[in-house]
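User: Please take the following model through a series of questions and answers.

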Amino acid sequence: MNTPVSSDHISRCEEILHLLGNATSEENREGDSTIVQKARKDLEKIRKHGDPPEITVAVYGDTGAGKSSLLNALLDQPSLLPTAGMGTACTSVVIKIEVNKTSSDFEADIVFLTAEEWKKELNVLKCDLEQNDGDNDEDADVYDEAHAKVAAVYGDFEPTNLLDDDTETAELLGTVRKLRDSSARDLQDKISTFTEAHPVDERQFWPLVKQVVLKVPDSGLCWSGVNLVDLPGVGDSNPARENVARKYMQTCDVLLVVTKIQRAVDNKTVKHTLGDKLFRQLLMDHTKTVVACTQADDVKPSEVIRKLKLPQAAEWTAEGQRYKKEEQVLQQKLADLKRDKQVDCSSESQENSLIQQQQRLHAAKDQLKREKTSTCAVKRNEFVRNNILHKISSPSSPHDQDYPLDLKVFCVSSSDYTKLSNLLTCDDDDDDKPPVFLSTEDTEIPGLRTYLQELVWEKQKKHRMSLQNNFQAIIDGILMYLINSKRGRKALKEELKRHLDTLQNEVKLILNELDSHLQSSWFAVLDAALDEATQEAIRRANSTVELWARPVNKKQREQGGLHSNTYKATVRRLGIFRSSGIGYIINMNQDLADPFVKILSEEWTPRFSEQAWFETVKSKIKKPASNAITCFTEAIMKSLGDSDATLLKDLTQLETDTLGKLTRLDSLWEETIVRKQREVTHMIPDFVQEQMQSAYEQCSEEEGPGAINRIKDIMASTIDQLKSNMFQQLKEKITVSLGQLKKGFMRGAKEILDDIVEDTEKQIMPLWQTQDEPIYLETLEKCEGLSQTLSDDFAKYKNGLHEPDFHQSSSSLKRQAGDIPTFPVPGSKLVKLSEEPDKAGPE
């Protein structure tokens, strides 16, 4: 695999530095040593960061939305992840899928909870089992789910000393079990007991699993640098699993929201899938978002025709009626022939001819039906996509978005893609059902895959260009130093140093003005928003707690109310509980923090966008720095006069190279802002949980008659006493974090600008040095020749690196077209469908 900078180029550069470092001129030792040390330090950075970056795609969606099927299709492995087709429930285990770089087998690392983590959850589950006194289905679900978890691990159990009495379970805890197989289907069978709940009466270990890491050997998507993470959602009863899921949500590069296409016409698709609170977090994080509307092959042509008023409808109706009349005529002819056949046996050939005509007619009717269905499916996809994108372009208000502004929408059919790509085996029971779509391109799986690969390629391209520019800067710096070393102008030392001092002062001024701008235009505004958010959170805190204590309103759950066992289960889990009986995640910490986050997000979201920070970098750093560098170069040229045309040319190149180094600022936003600001927003509910922990623990100890009323009283009195101090502390904590964020950004900008000044100084330093030692001058000549050759070779190497061909990025797309089934109808145009290669891209 080609790397941005090859090891050969780095070795040759190190050889030059070695020669230069061993030069014998005492007068020039200081300059040689400085530039050698600087170049070696920069080379080490290139070597350390030489691996191409990857992206993490977190996949999030409702149960039954088709996440596993979609992931299988993207990976061209229809049997890798379980799809719950047999009625078994897939669990809350996070599954990460990455490329297997060391083996051609499929491998799985099953990461188990530690003994301490399982013991904490087991204590909570035991309490759930003791609360079997609910008089409603929701309360019963709390008991049933706790019983299912414990029974899966221990079978018929007694609720005491479970952990101590079970050696097999104890041996698993805190370990990583490695599984491997040459077949994806066989590996799935091996890991199913660790990832699925089975209805059969056998011991299972899925409640003990924290995470599963799957390593896939034959996937173009993973090989390109895309890691997929199947997230079952946040709100797990085990804090360790919950933290794994939330960490991926916080750090992922892309969030892939999966929803059924039938729900996608509603402009609240993403909000509904994520929930208002998680959606608001998404907007604040500025996470790149993709929506995959699944089951696009599930279409009713009559509904689509009626709703979209398709112009083809009249033609289809007329053609259908014509086929119907022809069918009636043929049936009548066959009936007449059979009647006449009793007296004349010579009509057998005529009967065969009529039967063949009837078969062709049936084939034509089937073809019409399929073309009609396929067209309706494609048109429905266009409607759904345009409907969603229209809502983005014209939201009702800037702070009432239903989707992130930067959104891609794909309407996908995993099952049709699998069929059209010839991925089904003889064991699949639906391989004889013709697909709705006519090509893999129409299923939009190739388009989604290509889009994800383009995202990782863009990241890798920026990374590659950054490393190449840095390496080229090292070579150019050495060359400039060597060239200038042959032009000793000692009399210029004071004047050139004065110009350097001016450049350094300009950099200080730029940084001071940047700091002032950030404080007045950014952080002062956020400080004001924090004040408002704090007061609103304090004002709403009591009503939030009161909301949980209300009688349950099943028709309008947002009106509050938790059943007794659900309330108890939630406080036992430090305020976070998810139950299939409830149908959504209860997060008391997020509920308390939500008024705070809602106010803060109105100022936070626009200020931490990539575009806003790029504009700041451009106007407040790049532009003034460019002006300062240009003025510096012009001042040197003026001091030198016109006596040395070659030197003036070199100085012009110095200016060009120095301005090119300002591109390092482009990565500053991601390096210093993105992760840090996400850490700040994600810590808000965590901080509330920490503050409320003693109340949750006190509530968990309440037992016996009237316990639920005492729990509600504890929660009400705690929040009444705690709210002011809690949210004031939260505000102070965020203020400190924002200060650290700004310092990190300023530190990064200063390091880049100081580095540019230092490089410039090293390159012009030889202009005030003298060289008179033959051996030294001989070394300079040799180093200069080697550097120039290295520069030329590296330029050829860069030009030889090509962008990847996404059309051939996955194993299914590498197959010959003749391997793709076409489900032909005799006499139809579908027979030659596979002759047209997939475009592998969205509309």
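User: Which residues form one aromatic cluster?

Analyst: This is a predicted model: local features need pLDDT of at least 70 and side-chain atom pairs count only at pLDDT 80 or more, whereas totals for chains, interfaces and linings use all residues. Residues are numbered from 1 along each chain as its sequence is written, and side-chain values use heavy atoms, without hydrogens and water. Rings of Phe, Tyr and Trp (its six-membered ring) pair if their centres lie within 6.5 Å, and planes under 30 degrees apart count as stacked, over 60 as edge-to-face and the rest as tilted. The residues of the cluster are Trp522, Trp604, Phe608, Trp613 and Phe745.

User: How many aromatic pairs does the structure hold, and how far apart in sequence are Trp522 and Trp613?

Analyst: The structure holds 11 aromatic pairs. One of them joins Trp522 and Trp613, with 4.6 Å centre to centre and 50 degrees between the planes, which is a tilted arrangement. Trp522 belongs to helix α20 (residues 493–549) and Trp613 to helix α23 (residues 610–640), where helices (H or I, at least four residues) and strands (E, at least two) are DSSP runs numbered from the N terminus. The counts asked for are thus 11 pairs and a separation of 91 residues.

User: Why does the pair of Trp613 and Phe745 tie together distant parts of the chain, and how many residues apart are they?

Analyst: The ring centres of Trp613 and Phe745 are 4.7 Å apart with planes at 65 degrees, so the pair is edge-to-face. Trp613 is buried at 0% relative accessibility, and Phe745 is buried with a relative accessible area of 0%; buried means under 20% relative accessible area, exposed over 50% and partly exposed in between (1.4 Å probe, protein chains only). Because Trp613 lies in helix α23 and Phe745 in helix α26 (residues 707–764), the pair connects parts whose separation in sequence is 132 residues.

User: Which residue makes a side-chain polar contact with Lys210?

Analyst: Lys210 sits in strand β7 (residues 209–216) and counts as buried at 17% relative accessibility. Beyond residues up to four places away in sequence, Lys210 touches (heavy atoms within 4.5 Å) several residues, including Phe112, Ala240 and Val244. A polar contact is a pair of N or O atoms within 3.5 Å; within protein, one must be able to donate a hydrogen and the other to accept it, and residues adjacent in sequence count only if both atoms are side-chain atoms. At 3.3 Å, the side-chain partner of Lys210 is Glu117.

User: Is strand β8 largely enclosed or open, and which residue of β8 is the bridge partner of Ile95?

Analyst: Six of the six residues of β8 (residues 226–231) are buried, so the strand is largely enclosed by the rest of the structure. Strand β1 (residues 55–61) pairs with β8 in the parallel sense over six bridges, two strands being paired if DSSP finds at least two bridges between them. Strand β3 (residues 94–99) pairs with β8 in the antiparallel sense over three bridges. Strand β8 is therefore largely enclosed, and the partner of Ile95 is Asp230.

User: How many salt bridges are counted?

Analyst: Side chains of opposite charge can pair when their charged atoms come close. The rule requires a side-chain nitrogen of Lys or Arg within 4 Å of a carboxyl oxygen of Asp or Glu. One such salt bridge joins Glu116 and Lys120, with closest N and O atoms 3.7 Å apart, and both residues are exposed. By this rule the count is 43.

User: What is the N to O distance between Glu444 and Arg385?

Analyst: Glu444 is buried at 7% relative accessibility, and Arg385 is buried with a relative accessible area of 10%. The side chains of these two residues meet in a salt bridge, in which the N to O distance is 3.0 Å.

User: Which residues are linked with Asp759 and Lys661 in a network of salt bridges?

Analyst: The side chains of Asp759 and Lys661 meet in a salt bridge of 3.4 Å, N to O. Asp759 is in helix α26 and Lys661 in the loop between α24 (645–660) and α25 (668–700), 98 residues apart, and both are buried. Linked with them in the network are Lys38, Asp42, Arg664 and Asp755.
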